[in-house]
Amino acid sequence: MSLPDELTIAQPDDWHLHLRDGAAMASVIGHSARQFARAIIMPNLRPPVTTTVAALAYRERLRAALPAGHGFEPLMTLYLTDQTTAAEIATARTSGAVAACKLYPAGATTNSQDGVTDLERLGPVFAAMGEQGLALLVHGEVTDPDVDIFDREDRFIDERLAPLVERFPGLRVVFEHVTTTAAVAFVRGGPATLAATITPHHLLYNRNAMLVGGIRPHLYCLPVLKRERHRLALVEAAVSGHPRFFLGTDSAPHPVEGKECGCGCAGAFSAHAALEFYAQAFAQADALDRLEGFASHFGADFYGLPRNTARVTLRREPWEIPPDYPLGPTRVIPMGAGTRLDWRLLAAAQ
Ligand code: DOR
Ligand code: ZN
C-alpha cells in the first residue's frame with residue numbers, strides 16, 4: 001500500500017492516561033485535550049483516588065485546568081484497595097462519572113503501595129462491578145520479588161488473570177498495556193468481556209532501545225519493554241483489526257529529576273504526540289487503514305459508549321519533537337525527544 005499524505009479519522013480516545021494533579025496536571029492536560037475526545041484517567045495520585053467523592057473532586061480540577069474551547073471528557077476511575085466495598089461501587093455507578101476501577105497489585109508500579117494485596121478478598125467488589133457495569137482495569141504484573149521483572153506479566157496471566165476472568169464472566173476486564181506474546185494470545189483466546197490496551201512505546205520500542213549503547217531512562221516504564229518478538233506480536237495485534245485491542249497511551253509524566261537519577265521512576269510521557277506515534281507504528285506496518293478502528297472505534301464499543309463524531313486529520317509532514325516540555329515548576333522529557341516524527345496532527349475539529 002502506498003502511504004497517503006493525509007489521513008482523516010474519527011477523533012480518538014485515550015483509554016489509559018495519567019494526568020497527575022495540581023500544576024503538573026495543568027501543564028500536561030492540553031496535550032491530551034488537543035488530540036482526544038475522552039480519556040480514562042488513572043487514579044494513582046498521592047493519595048490515590050479511592051472514592052467517588054475524590055473522583056468527582058479530581059474531575060472538577062481537571063475540567064478547571066482544561067484550555068478553553070476543548071470538549072475533552074475525563075472518564076474517572078477508582079483505585080481499588082483491600083478496603084474497597086461493594087457499596088462504594090454502587091455509589092460510583094450512581095455518580096455517572098466513574099467508568100471503571102483500576103487494580104494495581106500492591107507494589108507493582110508508581111504509587112501502587114496502597115493497591116490490592118489479596119484478590120480473593122475483593123470477590124464481592126468484582127461481583128458488584130459486574131452487576132453495575134463498571135469495567136475492571138488491570139495492571140497485570142505479579143509483585144513477588146523472586147519473579148524476574150521480564151516474567152511478571154506472564155506469571156500474572158496464569159496465576160491471577162485467567163482465574164479472575166473465569167470466576168467473573170459478567171465483568172468487563174481490560175488487560176492494560178499488554179507487552180508480551182502470551183498476553184496477546186490470552187486476550188485473543190478470551191471471552192468478549194476481555195480486552196487490552198497497547199501503548200505507543202511498546203509498539204515502537206523493544207528493550208534494546210532502552211539498554212543498548214547506554215541506558216535511556218525515559219524509556220523505562222512498567223511493564224518494562226520486552227524483546228523484539230514481543231513488540232512484533234503487539235504490532236500484529238494492534239493492526240489486526242481485532243476489536244478487543246485498542247489505544248491506551250499510559251502516558252505518565254515524571255519530572256526530569258525523577259527519571260535522571262540513581263533510582264529513576266517508571267513512566268514514559270507520550271501525550272505530546274500520542275496519535276502521531278501510533279500513526280508512525282501503523283505506517284511502519286503498512287496498516288494505516290487500520291488506525292481508525294484501533295484509535296477511535298474499538299475502545300468506545302468495548303466501554304459501551306458512543307463513537308466520536310468529530311474527525312481529525314493527520315498529515316505526512318515531518319517535525320522534530322522538542323527536547324522537553326513544562327511540567328509544573330520543572331520539565332518533562334517527552335518520548336522521542338529530539339527525534340523526527342513523520343506525522344503531524346492538524347488542529348482537531350470541535
Ligand atoms: O511506567 C509506568 N508509569 N507504569 C505504570 O503502571 C504507572 C505509570 C506512572 O503512573 O508513572
Ligand atoms: Zn498506567
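In this predicted model, the donors of the zinc ion (ligand 2) follow the spacing H-x1-H-x231-D along the chain. The residues behind this pattern are H16 and H18, each contributing its NE2 atom, and D250, which contributes OD. Their distances to the zinc ion (ligand 2) are 2.0 to 2.1 Å. Two of these donors bring distant parts of the chain together: H18 sits in the loop between β2 (14–17) and α1 (22–33), while D250 belongs to the loop between β9 (245–247) and α10 (256–259), and 232 residues separate the pair. Both H18 and D250 are buried.

Attention turns next to strand β4 (residues 73–79) and its partners. Six of the seven residues of β4 are buried, so the strand is largely enclosed by the rest of the structure. On one pairing, strand β3 (residues 38–41) runs parallel to β4 and is joined to it by four bridges; within this pairing, I40 has L75 of β4 as its bridge partner. Between β3 and β4 the chain passes through helix α2 (residues 52–65), giving a right-handed β-α-β crossover. Strand β5 (residues 98–103) is also parallel to β4, again with four bridges, and here L78 stands opposite C101 of β5. The route from β4 to β5 leads through helix α3 (residues 86–95), and this β-α-β crossover is right-handed too.

A helpful residue to follow within β4 is T77. Because its relative accessibility is 1%, under the 20% cut-off, T77 counts as buried. Its side chain reaches the backbone oxygen of I41 at 2.6 Å. Leaving out residues up to four places away in sequence, T77 touches I40, I41, M42 and P43, along with V49, V98, A100 and L137.

What remains is the nonpolar interior. In soluble globular proteins, nonpolar side chains tend to be buried together. The largest nonpolar core here holds 99 residues, and those with the most contacts inside it are L19, F126, L136 and L291. Helix α11 (residues 274–284) supplies the largest share of this core, with eight residues. Apart from this core lies another one, of 17 residues, with M42, A300, F302 and Y303 among them. As for L291 in the largest core, its contacts beyond neighbours within four places in sequence are L7, I9, Y278, A279, F282, S296 and L314.

Conventions
Residues numbered from 1 in each chain as written. Chains lettered and ligands numbered in written order. Predicted model: local features only at pLDDT ≥ 70, side-chain atom pairs only at ≥ 80, totals over all residues. Heavy atoms only, no water. Core = buried A, V, L, I, M, F, W, Y, C linked by side-chain atoms within 4.5 Å. Buried < 20%, exposed > 50% of the residue type's maximum accessible area, 1.4 Å probe, protein only. Helix = DSSP H or I, 4+ residues; strand = E, 2+ residues; numbered from the N terminus. Contact = heavy atoms within 4.5 Å. Donors = N, O, S within 2.8 Å, 3.2 Å for Na, K, Ca; no water. Pairing = 2+ DSSP bridges. Right-handed = clockwise from strand over helix to strand, strands pointing away. Polar contact = N/O pair within 3.5 Å; in protein donor to acceptor, adjacent residues only side chain to side chain.
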